[in-house]
Amino acid sequence: MGTLGTAAMSRMDERLPWFRALSAEDRSWVGLVAQAGIAAFVEWFQHAGEGRPTPSIEFFGTAPRELKRSISLQQTVDIVRVVVEVVEAQVDDLAAPGGGDQLEQAMLRYTRDVAFAAAQVYAREAEVRGAWDARLEALIVDALVRGEVDDGLHSWAAALGWTSSPVVVLAGRTPPGKPESIIDGLRERGRRTGMDLLAGVQGDRLIVIVGGAENAASAARQMAPRFGTGPIVIGPEVPDLHTAARSARAALAGLRAAGGWPDAPRPVNADELLAERAIDGDEDARAQLIENVYLPLAGTPLLDTLATYLEQGTSLEATARLLFVHPNTVRYRLKKITELTGYQPTEGRSAFTLQVGLILGRLTESPVT
């Protein structure tokens, strides 16, 4: 057994580049496992005809957990193959007279069971790892939804190996089915499209954190079939996972307020729902509308022009008469409003958003006492 173990180690060192790259400690553990496997085969073969039909594969238990993480299943198969080749090369010396065929048949059976045993070991490790990763994923999604970005989130993300950027959060309704199947389907779609993602099912809400997408709208459209019926809201793009709470907050606020715009596209950007979010009580949306709509116009004739234009049902002539200016002056001012705010007063959705921003700004100027 000692001779076979030494020969196997020498052959692995010669044939397997990854084995040569292992640390001295890991190489030693691999050698112990190989020798334990050979010893187990000799013990089994000695008593194979005495009521022990199933080979013992407990020698895998001699390997520490760290070794299982260092060596892949494919590499384990390489080790088994090398050991089998070493034993096969010495069958004539090892077998009793006329027992060569019997020894080879026994080796085939034994290595088959070893292969199944190796697969079982790695399957168990994968299940444990998968369950642990799923728990971490759920914790990260929950922390971002609650806005609790602390050292714990950083550690969880590092444990999952998350390094993707930029990041965007999608929020929609949960489709029928088990949460595990839903998330597995999202992961599969993410792999096919080259994106990293984390997902969480929270009651009737499905939240997906997408990393590394070149275009948030395109990523959302690719993920849309995995959501349930109803709106899908895209939070603003942020540079990394640690700042994704802002994107999650906007996406969820948009999902709550999306019912106010039945004809909204699917998916829709959270910023396109600023007016509905503000009416629904979202403080972030209110502050953003005041900053983007009211403050750039405050203290200028543009504010009165916008207010009059909206109050007159977007009538250019009526606005000009009330302000005692030429219609071309109104046109010029409306153009300046669009340049300053990004919203076009002559377009229905933009006019509605401007109206809400104008009202919110007036309320901040005249607080109730």
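Of the 369 residues of the protein, 42% count as buried, where buried means under 20% relative accessible area, exposed over 50% and partly exposed in between, computed with a 1.4 Å probe on protein chains only. This is a predicted model, in which local features need pLDDT of at least 70 and side-chain atom pairs count only at pLDDT 80 or more, while totals for chains, interfaces and linings use all residues. Residues are numbered from 1 along each chain as its sequence is written, and side-chain values use heavy atoms, with hydrogens and water left out.

The protein has 17 helices and five strands; helices (H or I, at least four residues) and strands (E, at least two) are DSSP runs, numbered from the N terminus. Among contacts between residues at least 6 apart in sequence, 65% join residues at least 24 apart, a contact being defined by heavy atoms within 4.5 Å.

**The sheet**

The five strands form an open sheet with mixed pairing, in the order E2-E3-E1-E4-E5, where two strands pair if DSSP finds at least two bridges between them. Its edge strands are E2 and E5 (268-269), each of which pairs on one side only. The pairings are set out below, each row with one example of residues that stand opposite each other.

| Strands | Sense and bridges | Example of partners |
|---|---|---|
| E2 and E3 | antiparallel, seven bridges | Asp 196 and Gly 211 |
| E1 and E3 | antiparallel, seven bridges | Val 167 and Gly 211 |
| E1 and E4 | antiparallel, two bridges | Ala 171 and Val 233 |
| E4 and E5 | parallel, two bridges | Ile 234 and Asn 269 |

Gly 211 of E3 thus appears in two rows, as the bridge partner of Asp 196 and opposite Val 167. A further pair between E1 and E3 is formed by Val 168, which stands opposite Val 210. Strand E1 is mostly covered, with six of its seven residues buried, and strand E3 is likewise mostly covered, with six of its seven residues buried. In the hairpin of E2 and E3, which has two residues between the strands, Gly 203 takes a positive phi near 65 degrees.

**Helices that pack on the sheet**

Helix H9 lies across E2 and E3 and runs at about 160 degrees to E2; for such angles, axes are lines fitted to C-alpha atoms, for helices over the stretch in contact, and the values run from 0 to 180 degrees between N-to-C directions.

Helix H10 (residues 216-223) has Ala 216, Ala 219, Ala 220 and Met 223 as its buried residues. Seen down the axis of H10, these residues fall within an arc of 100 degrees, so they line one face of the helix, the arc being that of the directions from the helix axis to the C-beta atoms. What covers them includes strand E1 (167-173), helix H9 (179-193), strand E2 (196-202), strand E3 (205-211) and strand E4 (233-234). At the start of H10, a side-chain oxygen of Asn 215 reaches to within 3.1 Å of the backbone nitrogen of Ala 217.

Ser 247 lies in helix H11 (residues 244-257), and at 0% relative accessibility this serine counts as buried. Leaving aside residues up to four places away in sequence, Ser 247 touches Val 168, Val 169, Gly 235, Pro 236 and Val 238.

**Helix H14**

Eight of the eleven residues of helix H14 (residues 301-311) are buried, so this helix is largely enclosed by the rest of the structure. The buried residues are Leu 302, Leu 303, Thr 305, Leu 306, Ala 307, Thr 308, Tyr 309 and Leu 310, and they pack against helix H13 (283-297), helix H15 (316-323), helix H16 (327-341) and helix H17 (348-365). Just after H14, Gly 313 takes a positive phi of about 70 degrees.

**An aromatic pair**

A search of the whole structure finds one aromatic pair. The rings of Trp 18 and Phe 19 have their centres 6.2 Å apart and their planes at 90 degrees, so the pair is edge-to-face. Under the criterion used, rings of Phe, Tyr and Trp (its six-membered ring) pair if their centres lie within 6.5 Å, and planes under 30 degrees apart count as stacked, over 60 as edge-to-face and the rest as tilted. Trp 18 counts as buried at 18% relative accessibility, and Phe 19 is buried with a relative accessible area of 0%.

Methods: Polar contact = N/O pair within 3.5 Å; in protein donor to acceptor, adjacent residues only side chain to side chain.
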